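Trainee: Could you walk me through this structure and show me how each label is earned?
Mentor: Gladly, let's have a look together.

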Amino acid sequence: MSWLTNFVRPKLQALVRRAEVPDNLWDKCGQCGQMIFHRELEAALRVCSHCGYHMRLPVARRLELLFDEGKYQRIELPKGEADPLKFRDRKRYGDRLREAQTKTGEQDAVIVAHGAMGGMPAVIAAFNFDFMGGSMGAAVGDGLIAAARLAVLQESALIVIPASGGARMQEGIISLMQMPRSIIAVDEVKEAGLPYIVVLTDPTTGGVSASFAMLGDIAIAEPGAVIGFAGARVIEETIREKLPEGFQRAEYLRDHGMVDLVVPRAELRDTLIRLIDLLRHPTPPAEVVNLPVPPAGETHGQISAS
Ligand SMILES: [Zn+2]
């Protein structure tokens, strides 16, 4: 029996068993439901080729996409006090933080990197939505201040890319204090006369949309991104009215003057480079040309000097 069970059966099983297929080869579009092959989706920068839906992009990939040759240096952010209020809901906030750190391999929800864009220096602070919904606590505030100061120090443009549900509830009032803190941070960049551009990605809501995210010299949004303060359902229930089609979407905000440009992901880098260049090297509003001096005797309506 042993020969049969130990030798023949495994051989037969190996013959019958189908080759294992990884189950993550296909991604489903969140808007049109199309199944898209993962390589095709990555090549399209996680934009659905059927309906143009912009799926969330991991932070590292986004930075790679924006900097020249995909090269950048990350800076280490100051380590503040974790869980200052010793907050606990169903779980300890400290445990939640550690879980998020293990899951993402990051310290908190913002990543600051610097490098070149179109040969010009740039600092990018990008939110990681996978880290507790990109929520803004003291560490994120610290990150934004570090990014702003680095931009001033290097005389480079500052680009902030929020992807956030808003305040970090577990930090209570300290989380809300990051709103004025982040505004002061980006003001330092503006006072230094350097470009400050925001790229609003899905979602930009709550305290983030109510502070630095709406203060860019230029506000860009990705197509279809949800941008707003309170959720649509809360507003509907409060005002007891049906909200218009496309409410709180990037295109709606552009049409109503809250956002300057809605830029597809594939055009984002070139658009940013063009804008930084325009903001850094402003040209005179009109070209100054020297008019030919009219021959003596002819005045052509000009006031004669005599
Ligand atoms: Zn789609």
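Mentor: This is a predicted model. One cut-off first: buried means under 20% relative accessible area, exposed over 50%, and partly exposed in between.

Trainee: Why is Cys 32 called partly exposed?
Mentor: Cys 32 has a relative accessible area of 37%, and partly exposed covers values between 20% and 50%, so the label fits Cys 32.

Trainee: What makes Cys 29 buried?
Mentor: The relative accessible area of Cys 29 is 3%, and the cut-off is under 20%, so Cys 29 counts as buried.

Trainee: Which residues coordinate the zinc ion?
Mentor: Cys 29, Cys 32, Cys 48 and Cys 51 do, each through SG, at 2.2 to 2.3 Å. Their spacing in sequence is C-x2-C-x15-C-x2-C.

Trainee: Why is the zinc site called tetrahedral?
Mentor: The angles among its four donor atoms are 108 to 111°. Four donors count as tetrahedral if all angles lie between 85 and 135 degrees, so the site is tetrahedral.

Trainee: How do you know that Arg 168 and Asp 108 meet in a salt bridge?
Mentor: Their N to O distance is 2.7 Å, and the rule asks for a side-chain nitrogen within 4 Å of a carboxyl oxygen, so the pair qualifies. Arg 168 lies in the loop between β6 and α6, and Asp 108 in the loop between α4 and β4, so the salt bridge ties together parts that are 60 residues apart in sequence.

Trainee: Are these two residues buried or exposed?
Mentor: Arg 168 is buried at 0% relative accessibility, and Asp 108 is buried at 11%.

Methods:
Residues are numbered from 1 along each chain as its sequence is written. This is a predicted model: local features need pLDDT of at least 70, side-chain atom pairs count only at pLDDT 80 or more; totals for chains, interfaces and linings use all residues. Side-chain values use heavy atoms; hydrogens and water are left out. Donors are N, O and S atoms within 2.8 Å of the metal (3.2 Å for Na, K and Ca); water is not among the atoms, so sites may look incomplete. Four donors count as tetrahedral if all angles lie between 85 and 135 degrees; four count as square planar and six as octahedral if opposite donors are over 155 degrees apart and all others between 65 and 115; anything else is irregular. Buried means under 20% relative accessible area, exposed over 50%, partly exposed in between (1.4 Å probe, protein chains only). Helices (H or I, at least four residues) and strands (E, at least two) are DSSP runs, numbered from the N terminus.
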